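This report goes through a single protein chain, strand by strand and then loop by loop. Please keep the sequence and the model open while reading.

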Amino acid sequence: LILQDAKNVITGKSARLAGRYKVTNENRCVGTQLSGEIAYLRGNYALPPGTIDLTLTGTAGQSFGAFLVQGIRLKLFGEANDYVGKCM
């Protein structure tokens, strides 16, 4: 769902995304998956800071915010598993 919502920002059709989502520990790599798509299509530094601003509630899985590229901000209200922000 997050990737679908971020599609226009990733492709350059929209300037910004601010969204709220629920996560569980099954959503292990939310930030990593989003960052991977951005890096693949546009590079690691393509987005200005704060371009994608996500507020998440629930329980974040392992590697939740690992390997984030520039332009993504993740705010988690809840619990986080180990390695939640490795290589940020």
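Leaving aside its neighbours within four places in sequence, which residues is T55 in contact with?

## T55 and its surroundings

The model is a predicted one. In it, T55 is in contact with G19, R20, Y21, K75 and F77, once neighbours within four places in sequence are left aside. T55 belongs to strand β2. Its relative accessible area is 8%, and because the cut-off for buried is under 20%, T55 counts as buried.

One of these contacts, R20, is also the bridge partner of T55: R20 sits in strand β1, and its partner in β2 is T55. The two residues fall into opposite classes of accessibility. R20 is exposed, with a relative accessible area of 70%, whereas T55 is buried. In space, the C-alpha atom of R20 is separated by 11 Å from that of L1, and the two residues are 19 apart along the chain.

## Strand β1 and its two faces

Strand β1 covers residues 17–23, and its side chains alternate along the strand. L17, G19, Y21 and V23 point to one face and are buried. A18, R20 and K22 point to the other face and are not buried. For R20, the relative accessible area of 70% agrees with that, since exposed means over 50%.

## Pairing of the strands

How do β1 and β2 run relative to each other, parallel or antiparallel? They run parallel, and 7 bridges join them. Besides the pair of R20 and T55, A18 has D53 as its bridge partner in β2. Between β1 and β2 the chain passes through helix α2, residues 30–42, and this β-α-β crossover is right-handed.

On to the next pair of strands: β2 and β3 also run parallel, joined by 9 bridges. Within this pairing, A60 stands opposite A80 in β3.

## The segment after β3

N81 lies in the segment after β3. Its contacts, leaving aside neighbours within four places in sequence, are A60, G61 and Q62. A60 is the residue that stands opposite A80 in β3. The C-alpha atoms of N81 and G61 are 5.3 Å apart in space, although the residues are 20 apart in sequence. N81 counts as partly exposed, at 37% relative accessibility.

## The largest pocket

Which residues line the largest pocket? The lining consists of L1, I2, L3, Y21, K22, V23, N27, V30, Q33 and L34. Helix α1 (2–10), strand β1 and helix α2 are the elements that give two or more residues to this lining. By type, the lining divides into 7 nonpolar, 2 polar and 1 charged. The space in the pocket comes to about 180 Å³.

Strand β1 can be read against its alternation here. Y21 and V23, both in the lining, point to the buried face of the strand. K22, also in the lining, points to the other face and is not buried.

## Two loop residues

F67 lies in the loop between β2 (52–60) and β3 (72–80). What is its phi, positive or negative? F67 has a positive phi of about 60 degrees, although it is not a glycine. Its relative accessibility is 45%, so F67 counts as partly exposed.

S14 is found in the loop between α1 and β1. Not counting residues up to four places away in sequence, S14 touches N8 and V9. Its C-alpha atom is separated by 14 Å from that of G71, which is 57 residues away along the chain. With a relative accessible area of 30%, S14 is partly exposed.

Definitions and conventions. Residues numbered from 1 in each chain as written. Predicted model: local features only at pLDDT ≥ 70, side-chain atom pairs only at ≥ 80, totals over all residues. Heavy atoms only, no water. Helix = DSSP H or I, 4+ residues; strand = E, 2+ residues; numbered from the N terminus. Buried < 20%, exposed > 50% of the residue type's maximum accessible area, 1.4 Å probe, protein only. Pairing = 2+ DSSP bridges. Right-handed = clockwise from strand over helix to strand, strands pointing away. 1 Å grid on protein atoms, 1.4 Å probe; cavity = no way out; pocket = protein on both sides within 12 Å on 5 of 7 lines; lining within 4 Å. Points joined across faces, edges and corners; volume = space filled by probe spheres on them. Nonpolar A, V, L, I, M, F, W, Y, C, P; charged D, E, K, R; others polar. Contact = heavy atoms within 4.5 Å.
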